[in-house]
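Me: I would like to learn how to read strand pairing and nonpolar packing in a model. Please take the features one at a time.

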Amino acid sequence: MATHRKFGDPALFGEVWADDYDDRTSLDPTPAVDFLAPLAKGGSALELAVGTGRVALPLAARGIRVEGVEGSAKMAARLREKPGGDDVPVTVGDMADVPVTGPFTLVYLVYNTLFNLLEAERQQDCFRNVARVLDEDGAFVVEAYVPDPSFFDRGQRVQALSVTEDSATIEVYRFDLAAQRFHSQKITFGADGVRLRPHAERYCWPAELDVMAARAGLRLDRRVADWSGRPFGPDSTGHVSVYRPER
């Protein structure tokens, strides 16, 4: 039972991954920044789960005032160590609460991070609190994957991620299909012992996000398949969705 309570801790991901997150996350932030910058319209932007600033720092470098919310003080400290990090104020807290005042012309969540909220109610809280701090003509942008039911086959999965002469890394998943949730462990066996990296998500489909948005007084303005703006369709594996306040 204690393990499941820990999975719901907003700081867990950052405390586990902060030390080498940048080394393991090689995604180029440029397409996301190119997409987000015009939506800021020269105003203020807020990144929820800002992490080590992969997107926030290059967005701020374009002259946009960027703030962040981050569940992990350790992640926030890594951001502050980087060039320009002191120019991005970070509030350490639960992103579902959106513990800042605003208003913002842009609020955004990248890289499936909304799914780190493990209860549907908390995801709904996030939408509602974003609406509270969003300008009347602002934009809330969510990047997420489209769940693939084949990945959840028989409620569990084991993957071999890497095998070398002196180590092996596997990832073990257990799915709760009714709750749309998984718990996972990335396990590395090496000469120096065993390292565990826990993670959990409550995934949902784009249509469910649209319902959450509508309940918060937001409407879907547009949806594309990725940051490049490719059209979203039935075969898309991911999406970038832009929500705006109802008028």
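Me: Which residue in β9 is the bridge partner of His-183?

Reply: Two strands are said to pair if DSSP finds at least two bridges between them, and in β9 it is Ala-200 that partners His-183. The model is predicted, so local features need pLDDT of at least 70 and side-chain atom pairs pLDDT 80 or more, whereas totals for chains, interfaces and linings use all residues. Residues are numbered from 1 along each chain as its sequence is written, and side-chain values use heavy atoms, without hydrogens or water.

Me: How many bridges join β8 to β9, and how many join β7 to β8?

Reply: Strands are DSSP runs of E, at least two residues, and helices runs of H or I, at least four, numbered from the N terminus. β8 and β9 (residues 193-202) are antiparallel over 10 bridges, with two residues between them in their hairpin. β7 and β8 (residues 181-190) also run antiparallel, joined by 10 bridges, and Thr-169 has Thr-188 in β8 as its bridge partner. Their hairpin has four residues between the strands, and Gln-180 there takes a positive phi near 55°.

Me: Which residues touch the most other members of the largest nonpolar core?

Reply: Such a core joins buried Ala, Val, Leu, Ile, Met, Phe, Trp, Tyr and Cys residues through side-chain atoms within 4.5 Å, where buried means under 20% relative accessible area, exposed over 50% and partly exposed in between (1.4 Å probe, protein chains only). Here, among 33 residues, they are Leu-48, Val-107, Leu-114, Phe-127 and Phe-140. Elements supplying at least two core residues each include β4 (104-109), α7 (120-133) and β7 (167-176). Another core, of 28 residues, lies apart from it and includes Val-50 and Tyr-108.
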